[in-house]
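Welcome! Take a moment to look around the structure shown here, and then we will walk through a few of its features together.

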Amino acid sequence: MNHFPPSRDVALARLADFLPNAGSKYARDRNVDAPANDRPNVSMLSPYLRHRAISEREVLQSVLARFSPSTCEKFVQEVFWRAYFKGWLEHRPYVWHAYNRDVQELSAELTANEELKARVQAATSGSTGIDVFDSWAQELLDYGYLHNHARMWFASIWVFTLRLPWQLGADWFLQHLLDGDPASNTCSWRWVAGLHTKGKTYCARPDNIRRYAPRFFQGDEPAGLERLATQAEPISENPDLLSEPRAQPHWPQAPADIDRSRCALLLHGDDLGSGAIERYATVGALSPSPLSPHGESTQVRRFRRALTQDALDSVNPQQAHSRIVQDGETITGWLRETGVSEIVIPYSPVGPTAARISSLTEDLAAEGIEVIIDTRHYDRLAWPYAKAGFFKLGKKIPELLDALSMSRSNG
Ligand SMILES: Cc1cc2nc3c(=O)[nH]c(=O)nc-3n(C[C@H](O)[C@H](O)[C@H](O)COP(=O)(O)OP(=O)(O)OC[C@H]3O[C@@H](n4cnc5c(N)ncnc54)[C@H](O)[C@@H]3O)c2cc1C
């Protein structure tokens, strides 16, 4: 069954359905890993939010229109966790690059190390004999989604019980999650392993799983819980990594007086929306970039492609020649047909799409096409507070919300 039809309308309908639960019920029940087909306690909006088929600002506005800030505080904070992780990685792009190098090296090791390969295969095919873990593996393969608590338990068991490299688990998630996100995924796996908050690990405990995933305890006790690690010593990594100086990211903004009717807009998998989409001469979308060197599941590929097409389908028919484009050459051809020589691209945070956009920008400049990168107001407000722990951003949320309600339409 498809739990995530690839459309903005579905995301909006899901938000409307979830709204009554976003207040005190969310604060009380959000940690419960309920059965996959019955999860009113969480929004299940992440596959849409991750690609910005619906924006954080839209979600926050709806929730705050219904509840007082204190009643929906927990939900609002969770929404800001996405901005936090993105902002954190913006300041430390080398963490993403190091992770990618590790994935490449470990993948090469897998071909030579039969024993490691067999253990990874057991974990990713749901045949470790730890029933809860195996069910989550199967659920991820089937639906492309796991509840947050299940992700934490899964990652913890992967790292501390199965003793597998966290990078391979993170990579497997990126191949199968419909919401796969370089920042949330990498930082969350690092957090579980004790690398994000130095020395603080997350240890999955049977009593915690019993309490928050009662669906596994209806009949016989699930097998394998006695095997769970009781200690979670932080994983070590090259100490030089985090002592690298923080990057000084630049988050450009389109000039206020830009004449959008003479520009193209290029959407992409990090941002499939724009407050002013109907004002552009033409709208295109970059074909989605796989997040893992091993590609992505068929389910993820179809979802991302269809969500991209859905964004283009909302374009007014009078906006000329909207289409999905692959590279500098096809973009140049598209713009020539349309007769525009300026293109606006929403800012893409650290990850494969950003890398593609950066090389595209050079190719397009060589063809005389001016590229204007536009960072959302929401991101420019939140990211500067994401240099260390979440706390610093968390305490700014009331101020950020004030600033957002006064902001321009390009949220
Ligand atoms: C090991 C691990 C890997 C993860 N990988 C990803 C990933 O690749 N992509 C991804 O989007 N999320 C990831 N998360 C975060 C989180 O699990 C999901 O965002 C959340 O489960 C989405 O479900 P929901 O929309 O029902 O969330 P809700 O509980 O309804 O929360 C609302 C929104 O808040 C944001 N949010 C909530 N919790 C988190 C969180 N912990 N971190 C960041 N944003 C959050 C999401 O945008 C979410 O849609 C990961 C968490 C862990 C522990």
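## Around the ligand

A polar atom in the side chain of Arg82 sits 2.7 Å from an oxygen atom of the ligand. Keep in mind as you read that this is a predicted model.

Arg82 has company here: 28 residues surround the ligand, and Tyr26, Ser43, Met44, Arg82 and Asp179 come nearest. The table gathers three polar contacts with the ligand.

| Residue | Part of the residue | Ligand atom | Distance |
|---|---|---|---|
| Ser43 | N or O atom in the side chain | oxygen | 2.6 Å |
| Arg82 | polar side-chain atom | oxygen | 2.7 Å |
| Asp179 | polar backbone atom | nitrogen | 2.8 Å |

How much of the ligand's accessible area does the protein cover? On its own the ligand has 820 Å² of accessible area, and the protein covers 96% of that.

## A closer look at Arg82

Where in the fold does Arg82 lie? Its place is in helix α5, which runs over residues 73–91. Arg82 has a relative accessible area of 12%, and residues under 20% count as buried, so Arg82 is buried.

Setting aside neighbours within four places in sequence, Arg82 is in contact with Ser46, Leu49, Arg50, Glu56, Asp181 and Ser184. One of these partners, Asp181, is 99 residues away from Arg82 in sequence, yet their C-alpha atoms are 9.3 Å apart in space.

## Aromatic rings

Now let us turn to the rings. Across the whole structure, a search finds 25 aromatic pairs. One of them joins Phe173 and Trp189: the ring centres are 5.1 Å apart and the planes meet at 80°, so this pair is edge-to-face. An angle over 60 degrees is what edge-to-face calls for.

Which helices hold these two rings? Phe173 belongs to helix α10 (residues 166–176) and Trp189 to helix α11 (residues 182–193), so the pair ties together parts that are 16 residues apart in sequence.

Are the two residues buried or exposed? Phe173 has a relative accessibility of 2% and therefore counts as buried. Trp189 is buried too, with a relative accessible area of 2%.

Phe173 and Trp189 also belong to a wider group, in which ring pairs link them with Phe133, Phe154, Trp158 and Trp172 into a cluster.

A ring can also have a charged residue over its face, and here Arg151 lies over the face of Tyr145, at 5.3 Å from the ring centre.

How values were computed: Residues are numbered from 1 along each chain as its sequence is written. This is a predicted model: local features need pLDDT of at least 70, side-chain atom pairs count only at pLDDT 80 or more; totals for chains, interfaces and linings use all residues. Side-chain values use heavy atoms; hydrogens and water are left out. Rings of Phe, Tyr and Trp (its six-membered ring) pair if their centres lie within 6.5 Å; planes under 30 degrees apart count as stacked, over 60 as edge-to-face and the rest as tilted. Helices (H or I, at least four residues) and strands (E, at least two) are DSSP runs, numbered from the N terminus. Buried means under 20% relative accessible area, exposed over 50%, partly exposed in between (1.4 Å probe, protein chains only). A charge sits over a ring if NZ of Lys or CZ of Arg is within 6 Å of the ring centre and within 35 degrees of the ring normal. A residue is near a molecule or strand if one of its heavy atoms lies within 4 Å of it. A polar contact is a pair of N or O atoms within 3.5 Å; within protein, one must be able to donate a hydrogen and the other to accept it, and residues adjacent in sequence count only if both atoms are side-chain atoms. Accessible areas come from the Shrake-Rupley method with a 1.4 Å probe; for residues, only the protein chains shown count as cover. Contact means heavy atoms within 4.5 Å.
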